[in-house]
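Colleague: Before I set anything up on this protein, I would like a close look at one part of it, the second largest pocket. Please take me through its lining and then through the surrounding parts of the chain, in one connected account.

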Amino acid sequence: DLVRAANDYMSKQPIRAAILRSVATYVHHMFKVFGAVADVDLGFSTGDQANAEAILTPLLNAFSEFRDTVRTAARSNDAKAVLDACDTLRDDTLPPLGVRLEDSGAGPSVWKLDDAETLMRERARKKQAEEEKRAAKEAAKEAARKKQEEKDARAQVAPSQMFLAEKEKYSQFDDKGIPTHDAAGAALSKNARKAAEKEWQKQDKLHSEFLARTTAAASQSDPPSQTSG
C-alpha cells in the first residue's frame, strides 16, 4: 500500500524528493530486516537484486494470506478468528520460513531468524505434547462419565434389595434387608453386622437422592395443569 501510494504521488506535480526518499528508506529498511538486501544505503546490490524475489516471495505470500484472513474476520467482527489467524501465523506459517515469533505478554511480539528445521522440530514436539494433553483430558472425561454411570446404576437399587442377591455371602436378613447370617447360617459378627449397616445407610442416601432427582425431573417434564374458568 505504501509503495502504491508513492507511485501515485510520483504521477502528480510537483514532487518533493524528501518524501520519496523517506518512503524508499523505510522500504529498504524492511528489506534489510528480512535479509533481502545487503547493508547498502538504498536499493539492491547487484547480487541481492537477483535473489530478492526468491527470498521475499515466501514471506510476502505468508503475510498476504494473513492479511486476507484478518480482513475477512474483521469484516465479520470475529475477534476469535483474528486471534486464531495470529496463532497460525506464529505456529504454522513462519517456522518453515525460518522465523521465530514469540509473544511477550502484554508487550510487542519479538521475532528472530532461526533454523527452519529446528523450529519445525520444536513445533512437532509442542503439537505432540498438546495431543497427549488432549488425549489425557478426554480419557479422564470418559472415566468420569463411566464412574457416574455406575453410580447412577447403583442409585436405582433400593437399600432393602442390595444384599438379597448376594446368596453366596448371606442367608438371612432383617426387615430392612440387612444381612444377619452368613451363607453357612452362622450369625454375622458384630463388626460384620456394623459394616453391612454402614453400607445399607450409604445406599439408602444414594437411592433417596436418585428418587428426588427422578421426581423433580418428572415434575418439570409434565405440562402445567389447566384450570377451567
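Modeller: I will begin with a residue of the strand that takes part in the lining, and go on from there to the pocket itself; please keep in mind throughout that this is a predicted model. Arg-100 lies in strand 1, and because its relative accessibility is 19%, under the 20% limit, Arg-100 counts as buried. The side chain of Arg-100 makes a polar contact with the side chain of Asp-114, at 2.7 Å. If residues up to four places away in sequence are not counted, Arg-100 touches Val-110, Trp-111, Lys-112, Asp-114, Leu-119 and Glu-122, so that Asp-114 appears both as a polar partner and in this set of contacts.

The second largest pocket has a volume of about 230 Å³. Its lining is made up of Arg-90, Asp-91, Pro-95, Val-99, Arg-100, Leu-101, Glu-102, Leu-119, Glu-122, Arg-123 and Lys-126. Two or more of these lining residues come from each of helix 4 (79-93), strand 1 (99-102) and helix 5 (116-155). In character, the lining divides into seven charged residues and four nonpolar ones, with no polar residue. Leu-119 and Glu-122, which belong to the lining, are also among the residues that Arg-100 touches.

Helix 5 can be followed back to Ala-116, which is found in that helix. With a relative accessible area of 23%, Ala-116 is partly exposed, because that value falls between the limits of 20% and 50%. Not counting residues up to four places away in sequence, Ala-116 touches Pro-95, Pro-96 and Gly-98, and of these Pro-95 is one of the residues that line the pocket. Leu-97 is 19 residues from Ala-116 in sequence, while the two C-alpha atoms are 6.0 Å apart in space.

Helix 4, which also contributes to the lining, offers two residues with opposite exposure. Ala-85 is found in helix 4 and is buried, with a relative accessible area of 9%. Leaving aside neighbours within four places in sequence, Ala-85 is in contact with Phe-66, Thr-69 and Val-70, and the C-alpha atoms of Ala-85 and Arg-67, 18 residues apart in sequence, are 9.2 Å apart. Leu-83 lies in helix 4 as well, but at 57% relative accessibility Leu-83 counts as exposed. From Leu-83 to Val-70, 13 residues away along the chain, the separation between C-alpha atoms is 8.8 Å.

The loop between helix 3 (46-75) and helix 4 contains Asn-77. Most residues other than glycine have a negative phi. Asn-77, however, has a positive phi of about 55° although it is not a glycine, and with a relative accessible area of 71% Asn-77 is exposed.

Further along the chain, Gln-203 lies in helix 6 (residues 190-221) and counts as buried, at 8% relative accessibility. Polar atoms of the side chain of Gln-203 lie 2.6 Å from the backbone oxygen of Arg-154 and 2.7 Å from the backbone oxygen of Val-157. Once neighbours within four places in sequence are left aside, the contacts of Gln-203 are with Arg-154, Ala-155, Val-157, Pro-159 and Met-162. Since helix 5 covers residues 116-155, this brings the account back to an element that contributes to the pocket lining.

Strand 3 (residues 170-173) and strand 4 (residues 179-182) pair in the antiparallel sense over three bridges, with Tyr-170 standing opposite Asp-182 in strand 4. These two strands form a hairpin with five residues between them, and Gly-177 in the turn has a positive phi of about 90°.

To set these parts in the whole, the protein has six helices and four strands, and from the N terminus on its elements run α-α-α-α-β-β-α-β-β-α. Buried residues make up 17% of the 229 residues, and Arg-100, Ala-85 and Gln-203 are counted as buried. Among contacts between residues at least 6 apart in sequence, 29% join residues at least 24 apart.

Notes
Residues numbered from 1 in each chain as written. Predicted model: local features only at pLDDT ≥ 70, side-chain atom pairs only at ≥ 80, totals over all residues. Heavy atoms only, no water. 1 Å grid on protein atoms, 1.4 Å probe; cavity = no way out; pocket = protein on both sides within 12 Å on 5 of 7 lines; lining within 4 Å. Points joined across faces, edges and corners; volume = space filled by probe spheres on them. Nonpolar A, V, L, I, M, F, W, Y, C, P; charged D, E, K, R; others polar. Buried < 20%, exposed > 50% of the residue type's maximum accessible area, 1.4 Å probe, protein only. Polar contact = N/O pair within 3.5 Å; in protein donor to acceptor, adjacent residues only side chain to side chain. Contact = heavy atoms within 4.5 Å. Pairing = 2+ DSSP bridges.
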